[in-house]
Amino acid sequence: MKADEAGGGRLTLPPLSLYIHVPWCVRKCPYCDFNSHARSGELPEQAYLAALLEDLDGDLAFAAGREIQTVFIGGGTPSLLSADFYRTLLQSIAQRLPMATDAEITLEANPGTLEAGRFEGFRTAGINRLSIGAQSFDDSHLHRLGRIHDSHAIFNAVQAAQVAGFERLNIDLMYGLPEQTLASALMDLQQAISLGVHHLSWYQLTLEPNTEFYSLPPALPDDDRIGEIADAGQALLESAGFQGYEISAWARPGQAARHNLNYWEFGDYLALGAGAHGKITQPETGQVLRYWKTRQPEAYLGRIGSRTAGHQVISVEDMPLEFMMNALRLTQGVAESSYSERTGLPLVGLEKILNTLREEDWLEPGRLAPTAKGRRYLNALLEHFVE
């Protein structure tokens, strides 16, 4: 059943982003459940470039003439590939798709893979935002996490990026690390703040299936310690002028990641690269489609024609949870009108649930936004939207 057949309004096209996945890394970290594959030696840059562009050619119809507002290049470790690779890739994408003149183009970078001079090359290639995977400034924690860099490499990478002209920088940090104390967690934040960056991703380490940590769990802080770290970290970040705009993202005013905001606001995004996932709105059918690409790099490189491994239309029954899983990650949530515009379903169908959640202090009145209680216990809040 289509959304409009269920009594909703017609879908409207949201902003369009582009996600590009680079599947290779130097070493697989024991906590990582992303589609990343350790590889030594020279990477197949030219073959992967050709595969990405063939992949894009097969997906051009999804763009429906819309401008690309943001690009995010994730991994794996995208900074393993050369600036020339990204220069050619971005130029080739711009020849196929309209790009907004102010498009945000982010590259994930590992401090342990960045030699001097590479940042300038990334900048001239067209990348205007970097996300540096620090995870911690404590060398003992970095060792336990299987990272290939130390704290000095983080400082050097951030300084080099700033010298190269990157005004928009994010640092990724984790908390709830094995045997981490409150003091060491706060020290990580203080070190990041001292570097003068305008955006921080600060999220809790979780044990995910199909990872080394899941099979051999390390000793992690208990729930009380996690709560203590989260509360103290929030106070520290706010005192330093950062606003928590999403459950794990903090930014100075005007520095929120536009690409990630498009995810949480249930926008659309094309998917390129081994294991990449995309989401596309199709107003002509009243459907929202999720699709994904072949995961194994060798299989992705060897495919002729479509590299799409599968797709799924989000059902009317699943749509409320799909939408709320994204929107309720945002501190300010989204306008109530956004639900109908992005799903094609009437909000009145959720009126009883929303009224109950507001009465019980899970949601703010007049907006699809979590209260402090809703943010702290987000999974419990989302359970109310399960079919």
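Trainee: What makes the span of helix α2 close to the expected one?

Mentor: This is a predicted model, and the span is computed from it. Helix α2 covers residues 83–96, 14 residues in total. From its first C-alpha to its last it reaches 20 Å. The expected span, at 1.5 Å a residue, is 20 Å. The two values agree closely.

Trainee: Which residues of α2 are buried?

Mentor: They are Ala83, Phe85, Tyr86, Leu89, Leu90, Ser92 and Ile93. Each counts as buried because its relative accessible area is under 20%.

Trainee: What do the buried residues of α2 pack against?

Mentor: Two helices and three strands are easy to pick out by name: α1 and α3 (118–125), then β1 (16–22), β4 (68–75) and β5.

Trainee: Why is α2 called roughly parallel to α3?

Mentor: Their axes meet at an angle of about 5 degrees and lie 8 Å apart. Angles under 35 degrees count as roughly parallel, so α2 and α3 get that label.

Trainee: Which residues make that contact?

Mentor: From α2 come Ala83, Tyr86, Arg87 and Leu90. From α3 come Gly121, Phe122, Thr124 and Ala125. By class, five are nonpolar, two polar and one charged.

Trainee: How do you know that Lys293 and Asp59 form a salt bridge?

Mentor: Their closest N and O atoms are 2.8 Å apart. The cut-off is 4 Å, so the pair qualifies. The bridge links distant parts of the chain. Lys293 is in strand β13 (residues 287–293), Asp59 in helix α1 (residues 45–63), and 234 residues separate them.

Trainee: Are these two partners buried or exposed?

Mentor: Lys293 has 1% relative accessibility, so it counts as buried. Asp59 has 5%, so Asp59 counts as buried as well.

Trainee: What makes Arg168 and Glu104 a salt bridge?

Mentor: The N to O distance is 2.8 Å. That is within 4 Å, so the pair counts. Arg168 sits in the loop between α5 (151–163) and β7 (169–175). Glu104 sits in strand β5 (residues 99–109), 64 residues away in sequence. Both Arg168 and Glu104 are buried.

Trainee: How do you know that Arg329 pairs with Glu246?

Mentor: Their closest N and O atoms are 2.6 Å apart, so the 4 Å cut-off is met. Arg329 lies in the loop between α11 (319–327) and α12 (337–343), and Glu246 in strand β9 (residues 243–246), so the bridge ties together parts 83 residues apart in sequence.

Trainee: Why is Arg329 called partly exposed?

Mentor: Its relative accessible area is 23%. Buried needs under 20% and exposed needs over 50%, so Arg329 falls in between. Glu246, at 4%, counts as buried.

Trainee: Which residues do shared salt-bridge partners join into one network?

Mentor: Asp55, Asp59 and Lys293.

Trainee: How many salt bridges does the structure hold?

Mentor: The structure holds 13.

Trainee: Why is Tyr263 called buried?

Mentor: Its relative accessibility is 18%. The limit is under 20%, so Tyr263 counts as buried. Tyr263 belongs to helix α9 (residues 258–264).

Trainee: What does Tyr263 touch?

Mentor: Leaving out residues up to four places away in sequence, Tyr263 touches Tyr19, Tyr269 and Asn326.

Trainee: How far apart are Tyr263 and Leu16 in sequence and in space?

Mentor: They are 247 residues apart in sequence. In space, C-alpha to C-alpha, Tyr263 and Leu16 are 9.8 Å apart.

How values were computed:
Residues numbered from 1 in each chain as written. Predicted model: local features only at pLDDT ≥ 70, side-chain atom pairs only at ≥ 80, totals over all residues. Heavy atoms only, no water. Salt bridge = Lys/Arg side-chain N within 4 Å of Asp/Glu carboxyl O. Helix = DSSP H or I, 4+ residues; strand = E, 2+ residues; numbered from the N terminus. Buried < 20%, exposed > 50% of the residue type's maximum accessible area, 1.4 Å probe, protein only. Expected span 1.5 Å × (residues − 1). Contact = heavy atoms within 4.5 Å. Axes fitted to C-alpha atoms, helices over the stretch in contact; angles between N-to-C directions. Parallel < 35°, antiparallel > 145°, perpendicular 65-115°, else oblique. Nonpolar A, V, L, I, M, F, W, Y, C, P; charged D, E, K, R; others polar.
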